[in-house]
Amino acid sequence: MNYFEFYELPEAFHVDEAQVKRKFYSLSKEFHPDFYVNDTPEKQQEILELSTQNNKAFQVLSKPEKRLEYILQLHKQIAEGDKYQLPQEFLMEMMEVNEELMELEFDPNAEALEKLQRQVLSIEEELLLELDSCTTRYDKEEKQSEKELFLLKIKDLYYRQKYLLRIKESLNTFAHR
C-alpha cells in the first residue's frame, strides 16, 4: 500500500498538510503499541509494522521535496542510480556557472562571488516556479496521458534541481572560506 492510500488521500504533489498531520495523529493513536500489549505476538508485530508505516508516510507526505520524489518513484520516473541526461541547454548554462566558480578559486573576488550567487538563485527561482506550475497542473489534470507528460517535465525539473543543489553547495563552501 502506498502512503497516499494508507492516509486515504488522493495522490497529489500539493496536499492539505493539516489533513496529513491529523491523519498521522489519528493513526498514531490507533496503532500505538501500548494498546496491544495483551494481544498475540503476531498482532503486536502487525501493529508495530503499521506504526512504522505511519511514521514513514508522515515523513514523506509532510515534506514537499520528499513527496515529489516519492510520486516520481511511484510512477517509476526515478530510481536509485539513474543516469538521467539533462538537456544540453541547461548543461551549457551550468558549464558557464562552473567556469565562473573555477575562476573564483584562482582569483577570490567578493563581487564576483555575490554576482554568481545571484545568478544561481535566479536559476533556482525559475526552476521552482516552473516546478510549481507543473505539479499544480498535474494535480488538476484528469487525463492520464496528460499527467504522464507532466511527470516527464517534473522529472526533468527534479534532476535540474539536484544538479543546481551541488553547485549551490560548492558556492556555499567557497563563500565560507
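Helix H7 gives the most to the lining of the largest pocket, with six residues. The model is a predicted one. This pocket encloses about 460 Å³ of space. Its lining is made up of 18 residues, and those closest to the centre are Glu65, Leu68, Leu128, Leu131 and Gln161. At least two lining residues come from each of helix H4 (64–74), helix H6 (110–140) and helix H7 (144–175). By class, the lining of the largest pocket holds eight nonpolar, three polar and seven charged residues.

The second largest pocket has a volume of about 260 Å³. It is lined by 14 residues, of which Ala79, Asp82, Tyr158, Tyr159 and Lys162 are the closest to the centre. Two elements, H4 and H7, give two or more residues to this second lining. Here too H7 gives the most, with five residues. Seven residues of the second lining are nonpolar, two are polar and five are charged.

Beyond the pockets, the overall fold was examined. The chain contains seven helices and zero strands. Along the sequence, the pattern reads α-α-α-α-α-α-α. The radius of gyration is 21 Å, well over the 16 Å that the globule rule gives for 177 residues, so the chain is more spread out than a compact globule. The C-alpha trace spans about 70 × 45 × 30 Å along its principal axes. Of the 177 residues, 35% are buried. Among contacts with a separation of 6 or more, 69% are between residues 24 or more positions apart.

The nonpolar interior comes next. In soluble globular proteins, nonpolar side chains tend to be buried together. In this model, the largest nonpolar core has 49 residues. Tyr7, Leu61, Met94 and Ile154 have the most contacts inside this core. At least two core residues come from each of H1, H2, helix H3 (41–61), H4, helix H5 (88–106), H6 and H7. H7 gives the most to the core, with eleven residues. H7 is thus a recurring element. It gives the most to the lining of the largest pocket, to the lining of the second largest pocket and to the core.

Leu61 illustrates the packing around one core residue. Neighbours within four places in sequence are left aside here. Leu61 is then in contact with Tyr3, Phe4, Tyr7, Leu9, Val15, Val20 and Arg67. One of these partners, Tyr7, is itself among the residues with the most contacts inside the core.

Two further positions were examined individually. Pro10 is placed in the loop between helix H1 (3–6) and helix H2 (17–30). Pro10 has a relative accessible area of 60%, over the 50% cut-off, and therefore counts as exposed. Along the chain, Pro10 and Asp139 are 129 residues apart. Their C-alpha atoms are nevertheless separated by 9.3 Å.

Lys43 is found in helix H3. Its relative accessible area is 31%. This value falls between the 20% and 50% cut-offs, so Lys43 is partly exposed. Lys43 lies ten residues from Pro33 along the chain. The C-alpha atoms of Lys43 and Pro33 are separated by 9.8 Å.

Conventions. Residues are numbered from 1 along each chain as its sequence is written. This is a predicted model: local features need pLDDT of at least 70, side-chain atom pairs count only at pLDDT 80 or more; totals for chains, interfaces and linings use all residues. Side-chain values use heavy atoms; hydrogens and water are left out. On a 1 Å grid over the protein atoms alone, a cavity is a set of points where a 1.4 Å probe fits but cannot get out, and a pocket is an open set with protein on both sides within 12 Å along at least five of seven lines; lining residues have an atom within 4 Å of a point. Grid points are joined across faces, edges and corners, and a volume is the space filled by probe spheres set on the points. Helices (H or I, at least four residues) and strands (E, at least two) are DSSP runs, numbered from the N terminus. Ala, Val, Leu, Ile, Met, Phe, Trp, Tyr, Cys and Pro count as nonpolar, Asp, Glu, Lys and Arg as charged, and the others, Gly among them, as polar. Buried means under 20% relative accessible area, exposed over 50%, partly exposed in between (1.4 Å probe, protein chains only). A nonpolar core is a set of buried Ala, Val, Leu, Ile, Met, Phe, Trp, Tyr and Cys residues joined through side-chain atoms within 4.5 Å. Contact means heavy atoms within 4.5 Å. The radius of gyration is taken over C-alpha atoms; the globule rule is 2.2 Å times the number of residues to the power 0.38.
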